[in-house]
Amino acid sequence: MSTQSIPPSTRAVRAIEEASIAPAPSPLKVVLRVASTVWSNGKARIGIVILGLFILVAIFAPLLAPYGARQNGFDRSADASAAHWLGTTAAGEDVLSQLIWGSQISIFVGLVAGLLSTVIAVLVGLSWGYVRGFGADVINFIVNLFLVIPGLPLMIVIAAYLSGGGIGMIIVVVVITGWAWGARVLRSQTQSLRSRDFVTAAVFSGERPFRIVFREILPNMTSLIVGNFFGAATAAILAEAGLEYLGLGDTTVVSWGTMLFWAQNSNALLTGQWALLFAPGLCIALLATSLTLINFGVDGISNPRLREGKQR
Amino acid sequence: MTSVTIAPGSADVSAAPRITGSGRGRAWAYVARKAGLLLLTLWAAITLNFILPRLMPGSPADAALAKLAQNGPVSDATKAAIEAQLGVPTGNILEQYVAYLHQVVTLDFGVSYTFYPQSVSELVSTALPYTLVLVGVVTIIAFVLGTLLGVLAAWKRGTWLDTLPTLAGSFASAFPYFWTALLLLFFAGYVGRLFPTSGAYGPTATPAFTIGFLGDAIYHAALPALTILITSLGGWILGMRNTMISTIGDDYVTFAEANGLKPRTVALRYAARNAILPNLTSFGLALGGVVGGSILVERVFGYPGIGYLLFNAVTNQDYPLMQALFLMITVSVLIANFLVDILYGVLDPRTRR
Amino acid sequence: MKHPTRRRLGALVAAIMLTSGLAACSIQIESAPDPSIPKDTMLVAADNGSPLFERNFNPYMTNKRTAAFYMYEPLVVLDNVTGEEHPWLATGYALPDPSTVVFTIRDGVKWSDGKPFTPKDVAFSFDLLKKYPTFDLQGIWSYIDTVETSDTTVTVHLKAPDVPAAQLIATTLIVPEHIWKDVPDPSTFRNPDPVGTGPYTLGNFAAQQYTIDKNPTYWQADKVAAEHIILPATNTQLDVATKGYDWAYSFISDVDGAWVGAGNKNTYWFPPGGTVSLFPNLTKAPFNDLNVRQGLSLALDRKAVGDSAAEGYMDVAGQTNILLPYQQNLLDPSIPDSGLVTQNQQKALEYFAQAGYTQQGGKLVDAAGTQLSFTITTANGYNDWLKGVQEVQKQWGAIGIDVKVASPQPAAYQLALRNGEYDLAMGGTGGTGSIFRDFNSLLSSDYLKPVGEEAVFNFERYSNPEADDLLAQYKLAVDPEKQKQLGYQLQNVVYNDLPVLSLYYGGSWGLMSDAKFTGWPSAADPYASPKTYESTPLLVLTHLKKVNDD
Amino acid sequence: MTALLEITDLSVDYGEGAGSTHAVNHVSFTLEHGEFVGLVGESGSGKSTLGFAVTGLSKPPARVVGGSILLDGVDIASLSQADLREQRHGGIAMVLQSGMNALNPVRSIRNHFVDIFRAHGHVARGDWASRAAELVGKVELPASVLDRYPGELSGGMRQRVSIALALSLEPKLMVFDEPTTALDVLVQHAVMDTIIELQKKENFTALLISHDLGIVLESAQRVLVMHEGEIVEDAPSRQILEKPSDDYTKMLLSHYADPRAEVVELPGFEDRHRTPAAAHPPTVSSRTRRQDQKAIVVDHVSKVYPAPRRGEPQVTAVDDVSFTLEPGQSLALVGASGSGKSTLAKLITAVEKPSSGSVRFGDLDVGSLRRGQFRRLHRDVQMVFQDPYAALNPLHTVEYTLTRPVVNFTGLKGLDARRRVLELLDTVGLSPVEEFAAKLPHQLSGGQRQRVVIARALASNPQVIIADEPVSMLDVSLRAGVLALLEDLREQWGVSLLYITHDLLSARVVTDNIMVLNGGRVVEHGNTAEVLRNPSDEYTIRLLDAIPNPGRRDVA
C-alpha cells in the first residue's frame with residue numbers, strides 16, 4: 001500500500017485512477033475485471049443471478065413453457081389450476097406459457113435497445129468530447145434538447161405516427177429518446193480523459209486522432225459504458241412495457257407489455273384474473289431491478305467511494 | 001531573513017482573482033444566460049414539434065379526414081368545409097411554419113379532431129392545472145423526501161437505514177408506473193375501497209377554492225400521487241446517497257469534523273448541502289421522466305389531466321391535440337428546468353462568479 | 001458479506017413465492033351500489049368525458065353529450081336489432097308516391113319550456129341541416145328536394161323516387177324553432193341549456209358527472225319510470241361492475257363471472273348489431289375470382305373465429321347480411337341452413353383447384369408454383385377484430401395460404417379501406433335496421449370508385465347490374481311484401497356471389513341490472529337494442545318499470 | 001511539567017485481516033507545550049496517517065490497532081466520537097493539505113467561523129463578528145474575506161482561512177498536514193512565515209507534517225524523521241542538520257543544497273562548474289549521429305487568451321518572448337505558477353498557437369502546423385510530462401506505450417521495433433528490460449514511470465526534449481536519478497533540453513542557461529550558475545528566497 005500517506009484528496013484521485021485502470025491491457029480483460037468487481041458487490045450479485053435466471057428462461061422458453069405462446073382453446077379466464085399454474089387469459093391462452101415466452105421479447109428489446117443507445121452514446125459522447133468550438137456547441141445543444149424533452153410523451157407521439165411497426169419500431173423509438181444521457185456522461189468523461197497527459201503523450205507518440213479515441217480514451221471508460229448500457233437497458237425495458245401497455249406496440253406479439261395490454265383490455269382485474277396483471281408486471285420490475293442492482297456494482301468501479309462497506 | 005523583505009501574506013493575497021462587477025449584476029447575467037438558453041431550447045422544441053408530424057408517413061390532413069369520415073359519408077362540399085374548419089395546413093412548408101409559429105405564440109392550436117367543436121386550447125387548459133398540481137407537488141415531495149432519506153442512508157452507511165431504503169428504493173423504481181398504479185387501484189381502490197378510483201374530485205363537486213373542495217381533490221389525488229411517489233422516490237434516494245457518499249469523503253467534511261462541528265451540521269450543511277447540487281441537475285432532467293410516467297398513471301386512474309388527454313388524443317389520432325399536448329408538456333418541463341437552474345444559481349455561489 | 005447477501009436473496013425468493021401463491025387465487029369483485037343514490041335514480045354508463053365533460057347538447061354535433069339523445073327525439077325511432085319502426089314525434093308517415101313522404105305530426109307534444117311542438121319545428125330542423133351540411137351526418141339532403149308543412153303534417157318532396165329514404169329522414173332529431181332561430185351560429189352552438197321534447201331535461205351539470213331529470217310534461221310521462229339518471233364522465237369497467245350501475249353498454253370479458261357474478265341482480269343481453277366481415281378487394285386477382293372467394297369462405301371455421309374475437313359471446317354470421325335471430329322474418333327461407341357456411345376444407349380445395357391453385361407440400365400454389373399469399377388489413381386497437389384475424393390467419397394457414405396481418409392506426413386503416421388499397425380487410429356490414437341501406441351500402445355501384453379514390457361505401461368495389469337493378473326496384477317499392485321479396489333476392493346475391501365473407505356478428509353489449517328497474521330488452525323480450533346511445537334508448541326508457549313499485 | 005502529547009507504541013493498520021498493512025508501526029514520541037515540531041517523511045512513510053490518528057480523524061480503512069495517544073493525560077484513541085468532538089475546542093486542531101478543498105464551497109467564510117462558534121459555544125453570539133475578523137486578521141487577511149465564498153479566494157488565502165478556522169478552536173496543539181504543498185512557491189513561503197509567526201505569538205504547540213525537510217528544518221525546533229511507518233530519528237533541528245545520525249536522514253539531507261552556492265552538488269551530480277566557457281558541448285561522437293541539427297527559435301511570441309468572462313480584461317499569458325534553443329543546449333525556464341512557462345511549452349510543441357510572433361524549428365513554422373502535420377514536429381521535438389501517474393495510459397503495458405512512437409516515427413516493425421523498445425528501456429536504466437516491458441504503469445514506482453515517460457520521448461530519436469517539471473511529483477530521493485538521466489541523455493545523445501521548473505536548485509544542476517519568467521515576460525536570462533549566484537531582478541531574488549534552506553535560518 002504505497003498511497004497511504006498521500007493526503008486524502010489526492011488519495012481519492014489516485015484511488016479512482018487505479019481503480020478504473022488496474023491490471024489489464026486488453027479491453028477483454030478490462031471487461032473481465034469489471035465483471036469480477038461487479039460480482040464482488042452483494043447487491044450486484046443478486047442482480048446478476050436474477051438477470052441470469054431470466055436469460056435462461058428466455059433461451060429455454062421452448063422447453064420450459066408448457067404450451068405455446070398463442071396456443072388457445074383452453075377455458076377462458078380460468079383460475080390457477082394444475083394444468084394452468086397461473087390460470088388462462090380471456091382468450092383462453094395459458095398465462096404461465098405467455099409469461100415464459102414473453103421474457104424473450106422484453107429481454108431482447110432491453111438488450112438491443114440498451115446496446116444501440118450505448119453505441120450511439122459512445123459515438124456521440126466521444127466525438128463530442130473530442131471536438132471543440134462551434135461543432136461541440138451544436139452537439140451540446142442537441143443533446144441537452146434530447147435530455148430535457150420528456151421521453152415517454154415523445155415516444156408516444158412518434159409511436160402514434162409509426163404505428164404497426166412492432167418491436168423494431170419500439171426499439172427505434174426507445175433508442176431515439178434514450179441515447180442522450182449516456183452521451184452526456186461519456187462526453188464529460190472523454191473531456192476529462194483527453195486533458196490527461198497520457199492523451200497528449202499519445203499525440204506526441206504520433207498517434208492519429210481515431211486511434212487516440214479508440215485505443216487510449218475508450219478503454220478507460222469501460223465501466224462507464226457498461227453502466228450506461230445497463231441503465232439504458234432498464235429504461236428500454238420500462239419504456240417498451242409502457243408503450244405496449246398503451247397499445248402502441250405490436251399487440252399480436254406476446255411480451256410482458258402486451259400481456260398487460262390484453263389483461264387491461266379484457267379487464268383481468270374484473271374477472272379476478274389478477275395473476276395475469278400481477279405476474280408480467282412483477283417480471284418487468286424484477287428484470288429492471290436486476291439491471292439496477294448490477295449497476296450498483298458497476299458504480300463502485302467508477303467511484304470507489306461507493307464500494308460496499310461500512311464507512312462510519 | 002534575507003535582504004528583500006516581502007510583506008507576509010502579500011504574495012498570495014495579491015494573487016487572488018480580482019473581484020469585478022457587482023454580485024447582483026453577475027446574478028442577473030446568470031439568469032439572462034439561462035433565460036436565453038431556455039428560449040433557444042423552446043424554439044427548438046417547438047420546431048421539432050412542427051417537423052415531427054411532417055416526417056411521418058401520411059399527412060395529418062388525410063388522417064383527420066379519414067377520422068371524420070368514419071361517422072358517415074363525406075360529400076365533397078362537406079370535406080372542404082371541414083378542411084377549412086379544422087385548419088388543415090395549406091401553403092408551402094415555410095408558410096406553414098410561419099403560420100404554426102403564429103399559432104404557438106397566440107396559443108391557438110386549432111380545433112380538436114376528436115372533441116370538435118372544442119378547441120385544443122380549451123381542452124388543454126382544463127386538463128393542465130390537474131397535472132401541474134399533481135405532478136408538481138408530488139415530484140417536489142418525492143424529491144425532498146427522497147433526498148432526506150438519501151442523506152440519512154449515506155450518513156448511516158452500512159446500517160439498516162442505508163440498506164433498507166436503497167434496496168426498497170431501487171426495487172420500487174424499477175416498477176413500471178402503470179403497474180404500480182394498477183396494483184394500488186385494485187387493492188386500495190376496489191378491494192379495500194379506501195380511496196376513490198377515478199376523477200379529480202367528487203362526482204358532484206364543482207371546482208372552487210374552498211376547504212371542502214380542496215380536501216376532496218386531495219383525497220382523489222391520493223392514489224395517483226402515491227404511485228408517482230413510490231416509483232420516483234427510489235431514484236432520489238439513490239442519487240442523493242451516492243453523491244453524498246462522495247461528498248462525505250471530501251476534504252471540507254474532514255476539516256469540519258476536525259473542527260468539532262456537530263454531526264448534524266456536518267451532515268446537513270457540509271456533506272448534504274454540496275451533494276444536493278448535482279442532484280438538483282438530475283432532478284431537472286428527471287422531470288421529463290416523471291411527467292411521462294404520470295401519463296400512464298393518469299390513464300389508469302382516469303385522472304383528468306394532460307396525460308389522460310394525451311392518451312385519448314393518441315388513440316383517436318387527434319393530431320392537433322396530440323401536438324399541442326406534447327408541446328405543453330415539453331414547455332412545462334423546460335420551464336421547470338429553467339427554475340431548477342435558477343434555484344441552482346441561488347444555492348451555488350460559484351455560479352454567480 | 002456473504003451471509004447477509006444470501007439472506008437477502010432468500011427473502012427475495014420468499015417474496016416472489018408468496019406473491020405468486022397469492023396470485024394463484026382469484027378475487028371476486030362485488031358490486032356495491034352507492035347507497036346515496038335513491039331507488040328512483042338510474043346510474044348509467046352512457047357518456048364518456050374527454051376525460052371531463054364539455055357542456056355540449058347540440059344534437060347535431062358528433063361530440064354532443066349522449067343525453068342529448070334522451071332530450072331530442074326523431075319523428076320515428078328505428079330499432080336496428082329488429083328493424084322495427086316506432087312512430088314517435090310523428091304518428092306515422094305515408095308515401096303517396098315514391099317521391100313524396102308525408103309525416104303526420106303528433107299532437108299535444110310540448111317542448112320542455114312549455115311551448116307546443118309543431119310541424120314548423122320539423123321543417124325548421126330540416127332546413128337547419130341544409131344550411132349547415134356538417135350537421136347532416138346522414139346526408140338527408142342528398143335525397144330531399146323541398147319541405148312543406150301544414151298544421152298537422154310535414155311533406156317532404158324527394159329529388160328522385162326513393163322509398164327507403166323516408167326512413168332515414170324520419171330519424172332526424174328535431175329541435176325547437178323558437179330557440180334555435182335566434183342562435184347566431186348554430187354550427188358552433190353548444191346548446192348548454194337544452195330544450196327538447198324528450199323524456200328528460202338537464203339537471204345538475206358538472207364536468208365529471210351530470211344528472212338528467214324526468215320531464216314532467218313529457219308526452220308519454222306515464223311510461224317513464226326513472227325520475228333521475230346520473231351519467232358519470234369516467235365509466236371504467238371496474239367502476240361499472242363495482243358501483244352498482246343500472247345500465248351500461250360495454251363488452252366485458254367473462255360477463256357471467258365479472259358482471260353477473262358481481263351480484264346486484266345484474267343481467268346482460270348481447271344481440272347482434274352488425275356483421276363483422278372480410279372485404280376482399282374485388283379489383284385484385286385472385287379475389288376477383290369467385291372460385292377463390294368460395295375456397296376462402298369454405299376454408300373458414302367461422303365459429304372459431306367468432307369465439308376467438310368475442311370470447312364466445314357472439315354467434316356465427318350467415319352469408320346473408322341479415323342479423324339473426326331477430327330479423328328472422330326478413331330472411332329468405334330458401335337459403336340453406338340460414339346462410340351459415342360450414343367449414344369444408346375438401347370442397348374449399350376443389351374451388352381453389354378450379355381457380356388454378358393446388359396444394360403442394362402443404363402450400364397452396366398456383367400453376368407457376370407460387371404460394372397464394374396476401375395481407376389482411378385491420379385497425380390497430382380494434383382488438384376483437386385483431387383476435388379474429390389471427391384465427392383466420394391460422395385457419396387459412398392450415399390449408400397452405402401465406403397470410404400476413406397489417407394493423408395500421410384506425411385512420412390509416414380507414415384510408416386503406418376507402419381507397420381500396422388492401423388485399424383483404426376487416427370491416428362491419430349491415431346492422432342499420434334498414435334492409436335497403438344494409439344492402440345498398442354493400443352492393444350499389446353508385447358508390448363504386450376506382451382504386452386510389454375514396455369510396456364512402458362499397459369498399460370491396462362490387463359491381464353487378466343485377467344487384468343494382470334490385471336496389472333500384474327497392475327504391476320504388478312502397479309495398480312491404482314487395483320489399484321483402486327484393487330483400488330475399490339481395491340476400492341471394494350476397495350468398496352466391498360472396499362480395500364479402502361474413503364472419504360473425506358484432507355485438508350490442510348491453511349490461512343491465514334488475515335491482516331497481518325491470519323490463520330491459522332481452523332475448524325473451526327483444527323490443528329494442530340495448531345500446532345507451534342514439535334514439536333506441538327512448539324505447540327502453542319508456543318501457544322500464546320500477547322495482548317494488550308500490 | 002508533563003508533556004502535552006504523549007504517544008506510546010501507536011500502531012495504525014490499513015485494512016483488516018491478511019490484506020492489512022502496517023502504516024504506522026509502534027511509534028512513540030512526545031510533544032512539549034509550546035514546541036514547534038516537524039514530522040518529515042517521503043510518500044508512504046505513514047506520516048499523514050499518523051497525523052490523522054493523532055487528531056482522531058482516522059477513517060476506514062485506517063484503524064488504530066494499538067498504543068495510546070495521551071493529550072494532557074486523556075487518551076484520544078479511546079474517546080467516543082461525541083467526547084472527541086467536545087475536546088476539539090482547546091484540544092487538537094488540524095490544517096489539511098489543500099486549503100482549496102478544505103472549505104465548504106457553498107458556505108461563506110463567515111459561516112465557517114459561525115459553525116465552529118456555535119458548535120463549541122466558546123464565543124458569545126454578540127462577539128462572533130469581531131472574533132472572526134480578529135482571527136482572519138491574525139492570518140493577515142482583511143475582514144472583507146468573511147463575506148466571500150471559498151471559490152472567490154486564491155489557494156493561499158483559502159489555506160490562511162483554514163488556519164484561522166483551526167485557530168478559532170483555541171487549540172493547544174495544531175497539526176499542519178503539508179499546509180503549503182499544493183501552493184505556489186512564493187505563496188508557500190509566505191504562508192509558512194505566517195504559521196511560524198502565529199506559533200510564536202499564540203504559543204500553541206505545532207506539529208508540521210511535510211515531505212520537505214527544507215521547510216521543516218527552517219521552521220521547527222525539533223524534527224521527527226519517519227520512514228516506513230517508524231520514526232527513525234527524533235532530534236533538534238540543528239542536530240539533524242549538522243550531525244544526522246540515521247542513514248535515511250542523511251540521505252534526505254544530501255538532496256538539499258543552496259542553488260546560490262558557488263558549488264552545488266547533489267547525489268549523482270558532481271558540480272561541473274557551469275560557466276559559459278566551460279559549458280559541456282555534446283561529445284563529438286554523439287554529434288556525428290545527427291545529420292541536420294536544428295535550433296528552436298522563439299521570436300517575439302505572445303499568447304493572449306480571451307477574457308474568462310465578459311467585462312474582464314483578456315489574459316496575456318506570454319508577453320513578447322524571444323529566445324533560441326541551440327542544438328545540444330540546455331535551457332531552464334523558471335517562474336512561479338502563472339508566469340507563462342507552461343504556455344510557452346505548449347506554443348513550442350504546437351499544442352497552442354501564438355497570438356503574435358513565431359516559433360520555428362529549423363524551417364518548420366510550428367505556429368502554422370495543423371493537426372495532421374504534428375508528426376513532422378514530434379519526430380524531433382518530444383516532451384516529458386510533470387505527472388508520471390497521469391502521463392501513462394494505465395491500460396497499456398510499457399511495451400505498447402513505447403512501441404507506438406517507435407512504429408509511428410521510425411518505421412520499424414515487429415522484432416526490430418521490439419529490439420528498439422528494449423534498447424530504450426536499457427537507456428533509461430530499466431532493467432531487466434524484458435521484465436519491465438511487460439509491466440503496467442501501476443506496477444511501477446513513480447521514478448520508474450518517469451523513466452518510461454522519458455524513454456517514450458526518446459523513441460523517435462528527437463533533437464529536442466521539453467521537460468515540464470519532470471521531478472516535482474517525485475519524492476526527493478528519486479529526483480536526482482531522473483535528473484541525472486536527463487543530463488546524461490543530453491550529453492550522450494546530443495539532445496537539447498528545455499527544462500521547465502519552479503525549482504531553482506534542479507535548474508542549477510541540469511542546465512547551462514536560464515530564463516526567468518514573470519507575468520509572461522522574461523525578466524532575467526543568462527548562464528544558470530551566474531544568474532542564480534548573482535540575481536539582478538527582484539523577482540528572481542524572491543524566487544530564490546522562497547526556497548526552503550535548512551542551513552539558512554538560524555535554528556533555535
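**Chain D, the four-stranded sheet**

Start in chain D of this predicted model. Select strands 2, 1, 4 and 5 of chain D, in that order: together they make an open sheet with antiparallel pairing. Its edge strands are strand 2 (21–31) and strand 5 (74–75) of chain D, and each of these pairs on one side only.

Now keep strand 1 (residues 5–14) and strand 2 of chain D in view. They run antiparallel and are joined by seven bridges. To find one matched pair, label Leu5(D), which stands opposite Leu31(D) in strand 2 of chain D.

**Chain D, the six-stranded sheet**

Next, select strands 6, 7, 8, 3, 9 and 10 of chain D. Read in that order, they form another open sheet, with mixed pairing. Which strands stand at the edges? They are strand 6 (92–95) and strand 10 of chain D; each has a single partner strand, so one side of each has no neighbour in the sheet. Moving across the sheet, the twist from one strand to the next averages 20°.

At one end of the order, look at strand 6 and strand 7 (residues 173–177) of chain D, which run parallel and share four bridges. Here Met94(D) has Val175(D), in strand 7 of chain D, opposite it. Add helix 5 (residues 155–167) of chain D to the selection. This helix packs on the sheet and touches strand 6 and strand 7 of chain D, and its direction makes about 175° with that of strand 6 of chain D.

Then go to the other end of the order and select residues 222–236 of chain D. Strand 9 (residues 222–227) and strand 10 (residues 230–236) of chain D pair in the antiparallel sense, over six bridges. Within that pairing, Val225(D) has Glu233(D) of strand 10 of chain D as its bridge partner. The two strands form a hairpin with two residues between them. Glu228(D) lies in the turn and has a positive phi of about 50°.

**Chain D, the two domains**

Colour chain D by domain. Domain 1 covers 5–254, and domain 2 is made of 284–380 + 460–555. The C-alpha centres of the two domains of chain D are 36 Å apart. Where they touch, domain 1 of chain D contributes 19 residues and domain 2 of chain D contributes 16 residues.

To see the domain 1 side of this contact, select helix 6 (185–202), helix 7 (213–219), helix 8 (237–242) and helix 9 (247–254) of chain D, the elements that give two or more residues to it. Which helix of chain D gives the largest share? Helix 7 of chain D does, with five residues. By type, the residues on the domain 1 side divide into eight nonpolar, six polar and five charged.

Now zoom out to the whole of chain D. It has 20 helices and 20 strands. Its C-alpha trace spans about 75 × 60 × 45 Å along the principal axes. The radius of gyration of chain D is 26 Å, which agrees with the value near 24 Å for a compact globule of 556 residues.

**Chain C, the whole chain**

Switch to chain C, which has 16 helices and 22 strands. Along the principal axes, the C-alpha trace of chain C spans about 80 × 75 × 45 Å. A compact globule of 550 residues would have a radius of gyration near 24 Å; the 26 Å of chain C agrees with this.

**Chain C, two helix pairs**

Select helix 9 (residues 302–310) and helix 11 (residues 383–398) of chain C. Their axes are 7 Å apart, and the helices pack at an angle of about 145°. The crossing of this pair is right-handed. Show side chains for the contact residues: helix 9 of chain C provides Ala304(C), Val305(C), Ser308(C), Ala309(C) and Ala310(C). Among those from helix 11 of chain C are Asp384(C), Trp385(C), Lys387(C) and Glu391(C). The contact of these two helices of chain C divides into six nonpolar, two polar and three charged residues.

For the last stop, select helix 13 (residues 435–443) and helix 14 (residues 465–476) of chain C. The axes come within 10 Å and cross at roughly 145°. In which hand does helix 13 of chain C pass helix 14 of chain C? The crossing is left-handed. Phe436(C), Phe439(C), Asn440(C) and Leu443(C) of helix 13 of chain C make the contact with Ala467(C), Leu471(C) and Tyr474(C) of helix 14 of chain C. Six of these contact residues are nonpolar, one is polar and none is charged.

Technical notes:
Residues are numbered from 1 along each chain as its sequence is written. Chains are lettered from A and ligands numbered from 1 in the order in which they are written. This is a predicted model: local features need pLDDT of at least 70, side-chain atom pairs count only at pLDDT 80 or more; totals for chains, interfaces and linings use all residues. Axes are lines fitted to C-alpha atoms, for helices over the stretch in contact, and angles run from 0 to 180 degrees between N-to-C directions. A crossing is left-handed if the near helix is turned anticlockwise from the far one by less than a right angle, and right-handed if clockwise. Two residues are in contact if their C-beta atoms, placed from the backbone, lie within 7 Å. Ala, Val, Leu, Ile, Met, Phe, Trp, Tyr, Cys and Pro count as nonpolar, Asp, Glu, Lys and Arg as charged, and the others, Gly among them, as polar. Two strands pair if DSSP finds at least two bridges between them. Domain bounds come from an automatic or database domain assignment. The radius of gyration is taken over C-alpha atoms; the globule rule is 2.2 Å times the number of residues to the power 0.38.
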